[in-house]
Amino acid sequence: LGGACRVLAGMPAPLGATALAGGVNFAVYSGGATAAALCLFTPEDLKADRVTEEVSLDPLMNRTGNVWHVFIEGELHDMLYGYRFDGTFAPHCGHYLDISNVVVDPYAKAVISRGEYGVPARGNNCWPQMAGMIPLPYSTFDWEGDLPLRYPQKDLVIYEMHLRGFTKHDSSNVEHPGTFIGAVSKLDYLKELGVNCIELMPCHEFNELEYSTSSSKMNFWGYSTINFFSPMTRYTSGGIKNCGRDAINEFKTFVREAHKRGIEVILDVVFNHTAEGNENGPILSFRGVDNTTYYMLAPKGEFYNYSGCGNTFNCNHPVVRQFIVDCLRYWVMEMHVDGFRFDLASIMTRGSSLWDPVNVYGAPIEGDMITTGTPLVTPPLIDMISNDPILGGVKLIAEAWDAGGLYQVGQFPHWNVWSEWNGKYRDIVRQFIKGTDGFAGGFAECLCGSPHLYQAGGRKPWHSINFVCAHDGFTLGDLVTYNNKYNLPNGENNRDGENHNLSWNCGEEGEFARLSVKRLRKRQMRNFFVCLMVSQGVPMFYMGDEYGHTKGGNNNTYCHDSYVNYFRWDKKEQYSDLQRFCCLMTKFRKECEGLGLEDFPTAERLQWHGHQPGKPDWSENSRFVAFSMKDERQGEIYVAFNTSHLPAVVELPERAGRRWEPVVDTGKPAPYDFLTDDLPDRALTIHQFSHFLNSNLYPMLSYSSVILVLRPDV
């Protein structure tokens, strides 16, 4: 290290690289290593795959328990680091300790490798050597007084967004397309849309070129994490400049600017597996540090694959669960994020490798038959997260299923703080809206916040994240355009992706269809959006669904860095009528106190109706559901869904001295689908229906929905 630096023993905590007065402390857990070395790089040497300096660690002086540590006294500001570990290399026993590999610290706060998205390193190398950033003893970022927004969850409207896809298309006209700073310039659009929470698809460091050795596919979605503390450097305009510190600051800028506009930021986190894959995958970090700790292994070293991606993170191991909590705390305290959506969260409830109840609970459990991967009633990791003092008040959303067949929607261990992506809501709503028999009662449950799933366990409507479409599956536009998936471009002979999409093409397959079919599709998209916005619980919709984005019927676009996955700002203008409708519906939801209740609605304020008031039809072949809801701000609202192929004239509830006034009717063309106060011929439009309204009736087209508001009869 030359005369400027001295090597001292260091401290075993905290883990990671920590800048202190006079130098940097390095600490890393590795239970099986017999020897370790700290490797330091200059950025130039890293590009050349050359270690600048190597510091061997003394097992007596630089090891405490299973933590290796060292303090480097002196100036390391423009250096990067990694580790070598020696020990047993025996994959058949689950050990991958190899002194020839320089691996990334799991606690590194930025990972440096390639700087430009989609461009391999020299020699066409898609997996060049990676190294971690060495932090500075001071912060270079001005938060400008940023504080958490802490919205009650019942008030959220969530927008699932792919960071790169949001501004990468040329029509975005931003200076730095596909980056955090590019997205900042479009945040005002989201505010106008009525969104107050962004759920970012994975933004941790991943390798978009991980498939490139065998195909031209890209890992676009990013569900293949390399490091859970590091923001994706190639999602930033600065890339790997300034040893990754510019990337961290750009992420912080995005969060700060979102908060200024009243928008919370939730991260989609993938603690179920990593980019290292199965035994044929690369040794990047966790595998080369301590494979038996970080992954769920069978006795002969095979990787359990509950994730469907080659390996399974060993979430309930004591070391791993502490790692995950440390990581979540970092993103809350240092990066100011407001919450997390946990991908395949059911894996986080499974028993770890070498599960030992004596170690976990302090005593054997009577009749204990827990083996690796068994679902646990009280998973230690979920317990830790739920009761962590720093994570209190942070939004916690579980995708309550995994690829191993565990499905926990309505039953995820929750401690009254976890909410869930409500996959049952999606499936029931899709079937009722397209006119499938047998779902009227289930649809009504969905409108109430799914009490059949959440009420008995003590949870509330806002523990249900309601969605019809998400990144995975058909877009809203494709849901009403295709009966079948068209995934051939993914290179898997159309075998990938969900086969049971519960979609309906409205009479003709594909985008090119008769005018009458296209009109019906427009109605259906609006019907789905009305349903989302009038349901109790938290509505979430996917980027681009507000203008009817199409992926050409591809329901698994994980591998396409192209217009298929890019938000089309030009199409948003072209289909501005749907976007206007969505804006007005989110605004209407916020104006109604009764559409975001703290608790499940009761008969005191909610009444169900059929074609006649107070006479709902819950029969097997019912395709009509209506309700009226007392509302402190609007007085009362009436909402009806007619999913029959036949039109209907509905009788409205009698309200003495007041009359019903139409606001939303998806059966009408824009702009009459939503009657705003400033619509030039609004009065005339309502007058045209006066003969119905004066008789307390309202006509509904087939496959349409309506909202009426009670007004004084003057």
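Across the interface of domain 1 and domain 2 in this predicted model, 18 residue pairs are found in polar contact, with both partners at pLDDT 80 or more. Which parts of domain 1 do we meet on the side that touches domain 2? Helix 10 (423–433), helix 11 (440–447), helix 14 (515–534) and helix 16 (576–591) each supply at least two residues of that side. If you sort the residues there by class, you get 17 nonpolar, 7 polar and 9 charged ones.

Let's step back and see what these two domains are. The domain assignment builds domain 1 from several stretches of the chain, 156–213, 225–269, 323–358 and 369–594, while domain 2 is given as 603–712. Their C-alpha centres lie 31 Å apart. Where they meet, 33 residues of domain 1 are in contact with 38 residues of domain 2. The area buried between the two domains is about 2,900 Å², and carbon and sulfur atoms give 65% of it.

Charged side chains take part here too. How many salt bridges cross the interface of domain 1 and domain 2? The rule finds 4 of them. You can also look at the salt bridge between the side chains of Asp437 and Arg623, where N and O are 2.9 Å apart.

Now widen the search. In the whole structure, 41 salt bridges are found. One pair to look up is Asp561 and Arg164, whose side chains meet in a salt bridge at 2.9 Å from N to O. Why does this pair tie together parts that are so many residues apart in sequence? Asp561 sits in the loop between strand 22 (538–542) and helix 15 (569–574), whereas Arg164 belongs to helix 2 (residues 163–167), so the salt bridge links parts 397 residues apart along the sequence.

Next, turn to a sheet. Strands of a sheet pair through backbone hydrogen bonds, in either a parallel or an antiparallel way. Here, an open sheet of 5 strands follows the order 5-4-8-12-11, and its pairing is antiparallel. Strand 5 (53–57) and strand 11 (111–112) stand at the edges with a single partner strand each, so each has one side without a neighbour in the sheet. Strand 11 is joined to strand 12 (residues 131–133) by 2 bridges, and these two strands run antiparallel. Follow this pairing and you will find Ile112 opposite Ala131 of strand 12.

Finally, a few places in the backbone deserve a look. The peptide bond from Ala13 to Pro14 is cis, with omega near -5 degrees. Pro14 is found in the loop between strand 1 (6–8) and strand 2 (16–20). Another cis peptide bond joins Ala670 and Pro671, with omega about 5 degrees. Pro671 is in a loop as well, between strand 27 (658–665) and helix 17 (682–687). What is the sign of phi at Asp49, a residue other than glycine? Phi is positive there, near 60 degrees. To find Asp49, go to the loop between helix 1 (43–47) and strand 5, which brings you back to one of the edge strands of the sheet.

Terms used: Residues are numbered from 1 along each chain as its sequence is written. This is a predicted model: local features need pLDDT of at least 70, side-chain atom pairs count only at pLDDT 80 or more; totals for chains, interfaces and linings use all residues. Side-chain values use heavy atoms; hydrogens and water are left out. Two strands pair if DSSP finds at least two bridges between them. Helices (H or I, at least four residues) and strands (E, at least two) are DSSP runs, numbered from the N terminus. Domain bounds come from an automatic or database domain assignment. Contact means heavy atoms within 4.5 Å. Buried area is the accessible area (1.4 Å probe) that two parts lose on being put together, summed over both. A polar contact is a pair of N or O atoms within 3.5 Å; within protein, one must be able to donate a hydrogen and the other to accept it, and residues adjacent in sequence count only if both atoms are side-chain atoms. Ala, Val, Leu, Ile, Met, Phe, Trp, Tyr, Cys and Pro count as nonpolar, Asp, Glu, Lys and Arg as charged, and the others, Gly among them, as polar.
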